[in-house]
Amino acid sequence: VGLEREDPRDAPIRVRQMKFLAELYNYRLVDSSVIFDMLYHLCGFGSATSHQAGNIRTAHRILVEQARVNGVLPSASSSASSSSSSASGSSLSPAVSGGASAAAEAQAAGASSSLMFQSSLYEQEPLPLVDPAAPADWPESCFRVTLVCMLLQTCGHYFSKGALRLKLDRFLLFFQRVVRAKTYVPFLVEADFLDTLEALRPQYEIAKTLPEAEQRVRELLKEEARILAAMEQEDGGEEEDEEALFGSVDESEEEEEENGGEEEEEGGAEDEAEDLRDYVREHVQKEEELRFDADFAQMMLASLNEAKTLRRPTSSEMKIPANVLKETESLSEAPRPSSEEASSREVLTSGDADDGDLDPDGPLPRPTTAMRLVLRRPDKRNRFVVRPLAVPTDASLAEHSRRKDQQARQEKAERADLKKFVIERVNRSAEEEAHTGLDALRSCTHTSNTVKVPLFPRDGGGDKSGCTSTASSRRGKFRSKW
């Protein structure tokens, strides 16, 4: 029904059906004859169903039927009527006349079978290789070509040995003729057709024109006609015909199964050999593995002891927000008085106090460094309070803070120098390329005002935008050209 009414809305489900049928063959649920019947049916060799469409006698039978339809050969009804009239016109008894009529029918059948292999049938231009009762295929429609390509791409790689290879080679000749007989083939369909043939038969010579494809089919049919005519005397069946031309298909499938069994046996032997090697290696390298295990255990123990000595952060430690850190850094970067100024201020301040509070014999106050102490407020969560803290200048905390600030300033200066150096190098190379390009343009007959913009401006900016390209991945060598 799908071939009789080619509706574009049903195209996806037809493709899925071909894929499903091919997967059934891949999992050995259907026979290869079903696949070839469907392939020939899509090419017009099947009338109502695809049964026996892939038989070798089908093409010869179609030629005889088309020749009778076109008037090249006498119809079967006229030959049967002539034989029956001759039998009725005789003055024999009823029994004898019945035997004569049966003999006439057998003679007519033999005449029709002998007409099947006449050389005039294979000289028709063009060869009418479409069953008269087959669903019509319009010359511009290439959907059946897509279905055949889908079926071959899925399971065609299994037809590579024995009789199945010969049967596929025979079908490819008819398939090429169907494609070349189309008045117009879209580019994507042509690409799928070429990719399919290249995947199945890389060294295959593809017919580029319809006369070339028909010549190959005509030579094949003539050779088959000679073989079948010689086998007519032996009264062989259809299966014997296929065995004579292609060999036994069952034997080829059995060979594939035997090859699969041999591969499984070889895989089992390899597994046994591998198990034996593992057993031997286990005894030979046992000392090395024990030594490795001991070294590994010692290394893990050392790593564990080292991890115990490290300070682990607890959940009670608070995380200071970024705004509070910026505030403390701005306060810490404010100009601080030197130690002498701080001591003089402390002396002046102490001089204004009462004389009773001074202790002239006591030690002088130590110089301090102003730092900030960040505390969490107990009443509100994630709220912090920054309080000033005077730390002695010779304390380890102050020294560590000074070293850290000095190291940060040094790293910042190094990064600035490196950035300046890189920008200067890039701009210098861009200017050199611009001068080289201008000199080359001046040497030509025509000049053009070309301005080369540096990649990075002097201030360290630049356009950070770029272009990206996407690569298209398409299957097939011929399809990728599109």
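Is Cys-142 buried or exposed in this predicted model? At 8% relative accessibility, Cys-142 counts as buried, because buried means under 20% relative accessible area, exposed over 50%, and partly exposed in between, as found with a 1.4 Å probe on protein chains only.

The model is predicted, so local features need pLDDT of at least 70 and side-chain atom pairs count only at pLDDT 80 or more, while totals for chains, interfaces and linings use all residues. Residues are numbered from 1 along each chain as its sequence is written, and side-chain values use heavy atoms, with hydrogens and water left out.

**Figure 1. The whole protein, as a setting for the close-ups.**
The secondary structure comes to 15 helices and 2 strands, where helices (H or I, at least four residues) and strands (E, at least two) are DSSP runs, numbered from the N terminus. Of the 482 residues in the protein, 27% are buried. If one takes the contacts between residues at least 6 apart in sequence, 70% of them join residues at least 24 apart, a contact being heavy atoms within 4.5 Å.

**Figure 2. Helix 1 beside helix 6.**
The axes of helix 1 (residues 11–26) and helix 6 come within 9 Å and cross at roughly 30°; axes here are lines fitted to C-alpha atoms, for helices over the stretch in contact, and angles run from 0 to 180 degrees between N-to-C directions. That makes helix 1 roughly parallel to helix 6, since angles under 35 degrees count as roughly parallel, over 145 as roughly antiparallel, 65 to 115 as roughly perpendicular and the rest as oblique. On the side of helix 1, the residues that make the contact include Arg-14, Val-15, Met-18 and Ala-22, and on the side of helix 6 they include Phe-143, Leu-147, Met-150 and Leu-151.

**Figure 3. Ala-22 and its partners.**
Ala-22 is found in helix 1 and is buried, with a relative accessible area of 0%. Leaving aside its neighbours within four places in sequence, Ala-22 is in contact with Leu-151, Thr-154 and Cys-155. Although Ala-22 and Leu-151 are 129 residues apart in sequence, they are 5.8 Å apart in space, from C-alpha to C-alpha.

**Figure 4. Helix 6 and what covers it.**
At 1.5 Å a residue, the 13 residues of helix 6 should span 18 Å, and its end C-alpha atoms are 19 Å apart, which agrees; the expected span is 1.5 Å times one less than the number of residues in the helix. Among the buried residues of helix 6 are Val-145, Val-148, Cys-149 and Leu-152. What covers the buried residues of helix 6 includes helix 1, helix 2, helix 7 and helix 8.

**Figure 5. Helix 8 within its surroundings.**
For the 14 residues of helix 8 (residues 187–200), the expected span is 20 Å, and the end C-alpha atoms are 20 Å apart, which agrees. Helix 8 is largely enclosed by the rest of the structure, because 10 of its 14 residues are buried. These buried residues, which include Val-189, Phe-193, Leu-194 and Leu-197, pack against helix 6 (143–155) and helix 7 (162–180).

**Figure 6. Helix 3 across helix 9.**
Helix 3 and helix 9 (residues 210–232) pack at an angle of about 100°, with their axes 11 Å apart. That makes helix 3 roughly perpendicular to helix 9. Among the residues in this contact are Ile-56, His-60 and Leu-63 of helix 3, together with Leu-221, Ala-225 and Leu-228 of helix 9.

**Figure 7. Cysteine 43 without a partner.**
The structure holds 0 disulfides, a disulfide being a pair of cysteine sulfur atoms within 2.5 Å. Cys-43 is in no disulfide, and the nearest cysteine sulfur, that of Cys-149, is 10.0 Å away. At 8% relative accessibility, Cys-43 counts as buried.

**Figure 8. Backbone details in three loops.**
Most residues other than glycine have a negative phi, and most peptide bonds are trans. Arg-28, however, has a positive phi of about 60° although it is not a glycine; Arg-28 lies in the loop between helix 1 and helix 2 (32–42) and counts as exposed at 60% relative accessibility. Gln-52 also has a positive phi, near 60°, and is found in the loop between helix 2 and helix 3 (56–70), where Gln-52 is partly exposed, with a relative accessible area of 34%. The peptide bond from Glu-125 to Pro-126 is cis, with omega near -15°, and Pro-126 lies in the loop between helix 5 (94–115) and helix 6.
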